[in-house]
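Trainee: I am new to this structure and would like a close look at one part. Please start with a charged side chain, and then walk me outward from there step by step.

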Amino acid sequence: MTQFLPPNLLALFAPRDPIPYLPPLEKLPHEKHHNQPYCGIAPYIREFEDPRDAPPPTRAETREERMERKRREKIERRQQEVETELKMWDPHNDPNAQGDAFKTLFVARVNYDTTESKLRREFEVYGPIKRIHMVYSKRSGKPRGYAFIEYEHERDMHSAYKHADGKKIDGRRVLVDVERGRTVKGWRPRRLGGGLGGTRRGGADVNIRHSGRDDTSRYDERDRDRDRERERRERSRERDKERERRRSRSRDRRRRSRSRDKEERRRSRERSKDKDRDRKRRSSRSRERARRERERKEELRGSGGGGDMAEPSEAGDAPPEDGPPGELGPDGPDGPEEKGRDRDRERRRSHRSDRERRRDRDRERDREHKRGERGGERGRDEARGGAGGGGQDNGLEGLGSDGRDMYMESEGGDGYLAPENGYLMEAAPE
């Protein structure tokens, strides 16, 4: 494919000429042969200077010595400046010191962002203010952090001196003092080596913590108050914790009591349900027996044509001919089947307490007695109306359908209902 390229492009792919070989100009270090071997400095000692003619050695200054020297020089310069300024300082002839010195208040440790209007609002509460002079730096024009406040009355200045010390303004607690430059003889400001402060004497071992009119005992009292307040808060927290623990235990006890009451109510409901269930079961068995007896009675009456049944006397006291009083026939209440049911009933009743058995028996007896009275009256009325003034039957026929149902339902109790007077009768012993 390249044979079809033009010559100028083929020249780009052509190899270059090989680099010609040139002999080295000098030998390599390992190929050089040294005529003179290496030797020591012994041959050159004679060229050294004679120690007797050498100048004495000079001692160099160490870093610590240099720093100490600079510090001493700075202190000396500062002392000279203080002496010069002290000769020129005269507070009574100062043009910035105006007004009455005994009505002027000195305020220090002022926030650099605090304005003159802010100071006026804070200190006007003690009395009317005549003038406020805030001190600024001559070089930068920034506030120096202290000011002089002149009041209209001296009593207002004394009130501010007494109550405004330690007041927090713009996040900083100010220091309040009287003007001492024109009122105290021999007074010198801090920049001239005076003042009341001792916080800038040197290191932490010589500086004091509080300066100015700060009373150490007052700060100690504040510290004691702060400690007492802290202890009071701790005791309060402990009492709150103990109260919360007692409240928690009380809640637990109430919760357990509620759970026990709830469990007792649940058990009581279960026992009530069991009693209702047993009562319904006995009632259903009684109705079932009554229904079977009624069917058997109907069968016997239908098979015998009604002639085999004994007719009751006119007084209604004569028992039927088929058996002793209380029997309705061969399969009546005193039959073997009914005796087995009574035996099971007595066995179940024996598991209940005597108190419950007596209470249930009295309640059932009262209920059946009321039913028997109502059913007996209704059955006798029907029997007199049906017989046209004739004699009554053995009591079952005279009670009518309602009376017979009532009589059959009463068999589920402890005895049976007598047809003569409607009272609940005890069952025959086994």
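Mentor: Let's begin with Glu 298, keeping in mind that this is a predicted model. Glu 298 has a relative accessibility of 44% and therefore counts as partly exposed, since that class lies between the 20% limit for buried and the 50% limit for exposed. Its salt-bridge partner is Arg 301, and the closest N and O atoms of the two are 3.9 Å apart. That distance falls within the 4 Å allowed for a salt bridge, so the pair counts. Arg 301 is partly exposed as well, with a relative accessible area of 26%. Both residues belong to helix α5, where a spacing of 3 residues puts about one turn of the helix between them.

Now look at another pair in this helix. Arg 279 and Asp 276 form a salt bridge whose closest N and O atoms are 2.8 Å apart. Helix α5 covers residues 216-304, and because these two are 3 residues apart in it, about one helical turn separates them. Arg 279 is partly exposed at 43% relative accessibility, and Asp 276 is partly exposed at 35%.

Next comes a group rather than a pair. Salt bridges link Glu 242, Arg 245, Arg 246 and Arg 249 in a network. One of its links joins Glu 242 to Arg 249, with the closest N and O atoms 3.8 Å apart. Glu 242 counts as partly exposed at 28% relative accessibility, while Arg 249 is partly exposed at 40%. Counted by this rule, the total is 37 salt bridges.

For a buried residue, turn to Thr 114. It sits in the loop between β1 (104-108) and α3 (116-123). Its relative accessible area is 5%, which means it is buried, as the limit is under 20%. The side chain of Thr 114 makes a polar contact of 2.7 Å with the side chain of Asp 170. Setting aside neighbours within four places in sequence, Thr 114 touches Asp 170 along with Leu 119, Met 134 and Ile 169.

The loop leads us to the sheet. Here 4 strands form an open sheet, ordered β2-β3-β1-β6, with antiparallel pairing. The edges are taken by β2 (129-136) and β6 (175-178); each has a single partner strand, so one side of each lacks a neighbour in the sheet. On average, neighbouring strands of this sheet are turned by 25° against each other, direction ignored. Between β1 and β6, which run antiparallel, there are 4 bridges. Phe 106 stands opposite Asp 177 in β6.

Finally, add the helices that meet these strands. Helix α3 packs on the sheet and touches β1, β2, β3 (143-151) and β6, its direction making about 140° with that of β2. Helix α4, residues 154-163, lies across β1, β3 and β6 and runs at about 145° to β6.

Terms used. Residues numbered from 1 in each chain as written. Predicted model: local features only at pLDDT ≥ 70, side-chain atom pairs only at ≥ 80, totals over all residues. Heavy atoms only, no water. Salt bridge = Lys/Arg side-chain N within 4 Å of Asp/Glu carboxyl O. Buried < 20%, exposed > 50% of the residue type's maximum accessible area, 1.4 Å probe, protein only. Polar contact = N/O pair within 3.5 Å; in protein donor to acceptor, adjacent residues only side chain to side chain. Contact = heavy atoms within 4.5 Å. Pairing = 2+ DSSP bridges. Axes fitted to C-alpha atoms, helices over the stretch in contact; angles between N-to-C directions.
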